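Visitor: Please show me a single part of this protein up close, and then lead me outwards from there. I am in my first year, so go gently with the terms.

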Amino acid sequence: MYGLMQDHPLLISGLIKHAAANHGRREVVSRLGDGSIHRTDYASVERRARALAEKLQSLGIGHGERIATLAWNTYRHLECFYGVSGMGAVLHTVNPRLFREQIAYIIRHAEDRLLIFDADLLNIVESVADEIPSVEHFVVLCTREALPASTRLKLVAYEDWINGRGDDYHWPSFDERSASSLCYTSGTTGNPKGVLYSHRSTLLHALVTVQADVFALTSVDSVMPVAPMFHANAWSLPYCCPMVGAKMVLPGNRMDAKSLYEMLSQEAVTFSVGVPTIWTMIQGYLQETASSLPDLSRCLVAGTAMPPAIRETFKTKYGVTAVHAWGMTETSPIGTMSTLSAEVAALPEAQRTEQLLKQGRVPYGVEIQVRNSQGQTAPHDGQTFGPLMVRGPWVASGYFKGDGGAVLDADGWFPTGDVATWDKYGFMKITDRTKDVIKSGGEWISSIDVENAVMSHPAVKLAATVAAFHPKWDERPVLVVVPVEGAAPTKEQILEFLAARMAKWWLPDDVIFVLELPVTATGKILKARLREQYWHHLHDASS
Ligand code: AMP
């Protein structure tokens, strides 16, 4: 027997309809390419998203067809999130920081029919234009007056495109399992692979993500996603904020500390999300300028492990709670959040802190499993580390067009490629990427633990630990350090510092000082490159 409740599909258009109807005057504030600040609200975003949807319909864009964006976090990009997905097409957010060849590859692979982009990214678009034959229209997110000149491409202005449209457009209803958006993973090897979200997965993920134990978002929040909309949908904030009616603050392409600080302080941001390097940069700025962020109550730190110093400095100096989370493009992205549970809240402070520095516990909807070396479930002892598996209604079941083959195991678990422990409180801790773990004499050394330890040294700005070939132990850790400006730490000082913080056999065999580390398109240290570079380092150094 079925229940007798109304059967409304969970559609992305429903979010912006709700925001327009119930939080219509709630602001959406954006930094534009010229540095100016633009203000709009949810009622206007919904109206203009409808105009975009109608325009796409008039061009014959059909259900499930892909539309690419190459754009920063602004209100126009937000309108694309709703206009494209809302009319039944698939929003493909392209990361402009990828290599040119990768951008061309993923647009070709996705067979995008349109490319909508920010004017300052024109040179990237021109450089790939000959290699993306599926793209029929090049639309610039600007007015006709601001349309850049291009000798190679016929460009149209977004504002011209949507002008005068949308009044009679009604959001269509369709199967909630329909594809809504597409995001390629920033794999460090091979071609990027497409993660294809559905309306249902996006809505379920957002419903859980706004919860008090996750992002804790309400209509009184002012929220700034520093995480880009092209990286796992800015960690769902373009959906969560309209869902609860929170104000949105969108930093555009200005990612320097001063610009971000201005947005955070002038728009009274209460909650923000970004990778650790962003928060380290902002803390540096607060320190240098003797300023503070009185409205900011919490910030989410994810993407790579949160160095303990970020949490400590925010807490003690600025009254901000830095919350650690783990996720991946394939998990929409929220997998775990490090928020208090009743048991952890009752622990003495030092232990509580230790728990909150882990990647956290799952919200309803996500299941995780840590496997031991025999492939069985590892004990909840906080010690045994092994491959982390995940499953749930917003976890990928495979990649677009079947790339990578069948990715789930027989029980539907997705292998994350991360190595983790879990403990008796249900808290998961990432100890490494499968590829980055250092296998020394059959035992595993966590590169992240070594990095976290060294990052609390005052002369260390950035660090990476990678495996180097060793004739006796197979692999031994080598530490690559970028010192803070003006500091000149020695190898002996660093090793002495680490010796007080870890087992002797974990200590790196060498410390190498460099001016910078290579990073991926999503701001993560490119360990694969470092590994290649230093694989023979110990052998070379000893010969
Ligand atoms: P992406 O799909 O680009 O977001 O990358 C996902 C990967 O980032 C995960 O599989 C982890 O390896 C890494 N990651 C994300 N959050 C964290 C975190 N809090 N600590 C350590 N690694 C993380």
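Guide: We will start at one proline, move on to the helix beside it, and follow the contacts from there.

A word on the ground rules before we begin. The model is predicted, so local features need a pLDDT of at least 70 and side-chain atom pairs count only at pLDDT 80 or more, while totals for chains, interfaces and linings use all residues. Residues are numbered from 1 along each chain as its sequence is written, and side-chain values use heavy atoms, with hydrogens and water left out.

Now find Pro333, our starting point. Its place is the loop between β14 (321–327) and β15; helices here are DSSP runs of H or I with at least four residues, strands are runs of E with at least two, and both are numbered from the N terminus. The peptide bond that leads from Ser332 into Pro333 is cis, with omega near 10 degrees. With a relative accessible area of 6%, Pro333 is buried. For that word the limit is under 20%; exposed means over 50%, and partly exposed lies in between, using a 1.4 Å probe and protein chains only.

Who are the neighbours of Pro333? Setting aside residues within four places in sequence, Pro333 is in contact with His205, Ala232, Trp235, Ser236, Trp326, Gly327 and Met328; contact means heavy atoms within 4.5 Å. Pro333 and Asn233 are 100 residues apart along the chain, yet their C-alpha atoms are separated by 8.3 Å.

Two of those neighbours, Trp235 and Ser236, deserve a pause of their own. Trp235 belongs to helix α8 (residues 232–235), and Ser236 comes in the loop between α8 and α9. Trp235 has a positive phi of about 55 degrees although it is not a glycine. Ser236, also a residue other than glycine, has a positive phi too, near 80 degrees. Trp235 counts as buried because its relative accessibility is 5%, and Ser236 counts as buried at 1%.

Another neighbour of Pro333, His205, takes us into helix α7. This helix spans residues 199–209 and is mostly covered, with eight of its 11 residues buried. Which residues of α7 are buried? They are His199, Ser201, Thr202, Leu203, His205, Ala206, Val208 and Thr209. The elements that cover them include three helices, namely α1, α3 (75–86) and α9 (237–244), and three strands, namely β8 (179–184), β9 (194–198) and β15 (334–337).

Let us follow α1, one of those covering helices. On the α1 side, Ile16, Lys17, Ala19 and Ala20 meet Tyr42, Ala43, Val45 and Glu46 of α2. Val45 then leads us to Thr40, since Thr40 touches Arg26, Glu27, Val28, Val45 and Tyr75, not counting residues up to four places away in sequence. Thr40 sits in strand β2 (residues 37–41). Is Thr40 buried or exposed? Its relative accessible area is 13%, so Thr40 is buried.

For a contrast, look at Ser173 in the loop between α6 (158–162) and β8. At 59% relative accessibility, Ser173 counts as exposed. Beyond its neighbours within four places in sequence, Ser173 is in contact with Pro9 and Leu11. Its C-alpha atom is separated by 41 Å from that of Tyr261, and these two residues lie 88 places apart along the chain.

Tyr261 brings us to one last serine. Ser291 touches Tyr261, along with Tyr285, Leu286 and Tyr318, when residues up to four places away in sequence are not counted. You will find Ser291 in the loop between α11 (276–289) and β13 (298–301). Unlike Ser173, which counts as exposed, Ser291 counts as buried, because its relative accessibility is 16%.

To retrace the walk, turn the model back to the cis bond between Ser332 and Pro333. From Pro333, look for His205, Trp235 and Ser236, which are among its contacts. Then pick out the rest of α7, where eight of the 11 residues are buried, and find α1 among the elements that cover them.
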